[in-house]
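Hi there,

Here is the structure I promised to pass on to you. Have a look at it first, and then read my notes below.

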Amino acid sequence: RQDILHRVDLIEDVGIGHGFGNFPGSLPAAVTFGAALPHQRLEDALRSLLIGHGYWEAKTLTLSDAGDQFTRLGQTTPSRDAAVTLANPVLEEQTLLRRRLLPSLLRVLAANKHRSLPQRLFEIGVVVEQDKAGAWRNRIRFACVEAAAKPGFADAKGLALSILRDAGLTASLEPGSDPAFIAGRQGEVVASGRAVGTFGELHPDTLVAFGLAAPAIAVELDLEPFL
């Protein structure tokens, strides 16, 4: 049979043959109450904030490729252990688990070049990064991007400051050196002595690499230190 891909498929066939209604049921032994996850309050605050700034929320795939995650952002060709890779990827564009949200948003902008400007998108999603012990962990990140006629560094800095202030996040802004952004027109968000985010004007090489013609600004932030 061609539809048997996992042991769950066999269990499902057994359940159908026996009849799901014939399995005995029982009530839960303990009383529990649902509650929001610890990071949900911060996510909701950021959503309300960005919607107020005129941004639309996007939900993109967690699968990406080395070109989007590294090369097109101006970074050198990554080593094989730079990200969690898939053993048998179906598509060339989905070979690893993403480490940044920004490439996914740039792909959405590239698919909507025929739409009028400005275009503003944001996403709150999961990336997979390596911790100090070398283990790969899920982390919550935030990113937003605006493609417009004349977006500038002042717009990106103002947006970053607004996010930190209105979401109640304690951090400072310092000069940055992310190759995905223009040198001298970018900065980084610093919390507890380490960089947790970037903001600024996207580099023309980055825009061309993703097939974009309009200038754009972006903010990307790791939310884990603030949870």
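**Gly152 and its surroundings**

Gly152 counts as buried because its relative accessibility is 16%, and the cut-off for buried is under 20%. Before I go on, please keep in mind that this is a predicted model. Gly152 sits in the loop between strand 5 and helix 5. If you set aside the neighbours within four places in sequence, Gly152 is in contact with Glu201 and Ile217. Ala83, by contrast, is nowhere among those partners: 69 residues separate Gly152 from Ala83 in sequence, and their C-alpha atoms are 32 Å apart in space.

Ile217 is worth a visit of its own. This residue belongs to strand 9, and with a relative accessibility of 2% Ile217 counts as buried. Leaving out residues up to four places away in sequence, Ile217 touches Cys144, Val145, Glu146, Pro151, Gly152, Asp155, Ala156, Gly200, Glu201 and Leu202. One of these partners, Ala156, lies 61 residues from Ile217 in sequence, yet the two C-alpha atoms are 6.0 Å apart. Glu201 turns up in the contacts of Gly152 and also in those of Ile217.

**The overall picture**

What does the secondary structure come to? The protein has 6 helices and 9 strands. Its C-alpha atoms fill a box of roughly 65 × 40 × 40 Å along the principal axes. Of the 227 residues, 39% count as buried. The protein exposes about 13500 Å², and carbon and sulfur atoms supply 55% of that area. If you take the contacts between residues at least 6 apart in sequence, 61% of them join residues at least 24 apart. As for charge, there are 23 positive and 26 negative charges, and their mean positions are 3 Å apart.

Helix 4 spans residues 102-110 and is mostly covered, with 7 of its 9 residues buried. Those buried residues are Leu102, Pro103, Ser104, Leu105, Leu106, Leu109 and Ala110.

**The pocket and the cavity**

The largest pocket has a volume of about 560 Å³. Its lining counts 24 residues, and the closest to the pocket centre are Arg99, Arg100, Glu129, Arg141 and Ala195. Which strands should you colour to see the lining? Strand 4 (119-130), strand 5 (136-147), strand 8 (194-202) and strand 9 (216-222) each supply at least two residues. The largest share comes from strand 8, with 5 residues.

There is also 1 cavity of 30 Å³ or more in the structure. About 40 Å³ of space lies in the largest cavity, and its lining is made up of Ala160, Ile163, Leu164, Val189, Val219 and Leu221. Helix 5 (153-166) and strand 9 each supply at least two of the lining residues, with the largest share, 3 residues, coming from helix 5. Strand 9 therefore deserves a second look when you go through the model: it supplies residues to the lining of the largest pocket and to that of the largest cavity, and Ile217 is found in it.

**Loops to look at**

Three loop residues caught my eye. The first topic is a peptide bond: Leu117 and Pro118 are joined by a cis peptide bond, with omega at about 0°. Pro118 lies in the loop between helix 4 and strand 4.

Ser192 is in the loop between strand 7 (181-191) and strand 8. Phi of Ser192 is near 55°, a positive value in a residue other than glycine. Is Ser192 buried or exposed? Ser192 is exposed, since its relative accessible area is 82% and the cut-off for exposed is over 50%.

Phe20 lies in the loop between helix 1 (7-18) and helix 2 (40-52). With a relative accessible area of 57%, Phe20 is exposed. Not counting residues up to four places away in sequence, Phe20 touches Glu12 and Gly15.

Happy to talk any of this over with you.

Best wishes

Technical notes. Residues are numbered from 1 along each chain as its sequence is written. This is a predicted model: local features need pLDDT of at least 70, side-chain atom pairs count only at pLDDT 80 or more; totals for chains, interfaces and linings use all residues. Side-chain values use heavy atoms; hydrogens and water are left out. Helices (H or I, at least four residues) and strands (E, at least two) are DSSP runs, numbered from the N terminus. Buried means under 20% relative accessible area, exposed over 50%, partly exposed in between (1.4 Å probe, protein chains only). Contact means heavy atoms within 4.5 Å. Accessible areas come from the Shrake-Rupley method with a 1.4 Å probe; for residues, only the protein chains shown count as cover. Lys and Arg count as positive and Asp and Glu as negative; His and the chain ends are not counted. The place of a charge is taken as NZ of Lys, CZ of Arg, CG of Asp or CD of Glu. On a 1 Å grid over the protein atoms alone, a cavity is a set of points where a 1.4 Å probe fits but cannot get out, and a pocket is an open set with protein on both sides within 12 Å along at least five of seven lines; lining residues have an atom within 4 Å of a point. Grid points are joined across faces, edges and corners, and a volume is the space filled by probe spheres set on the points.
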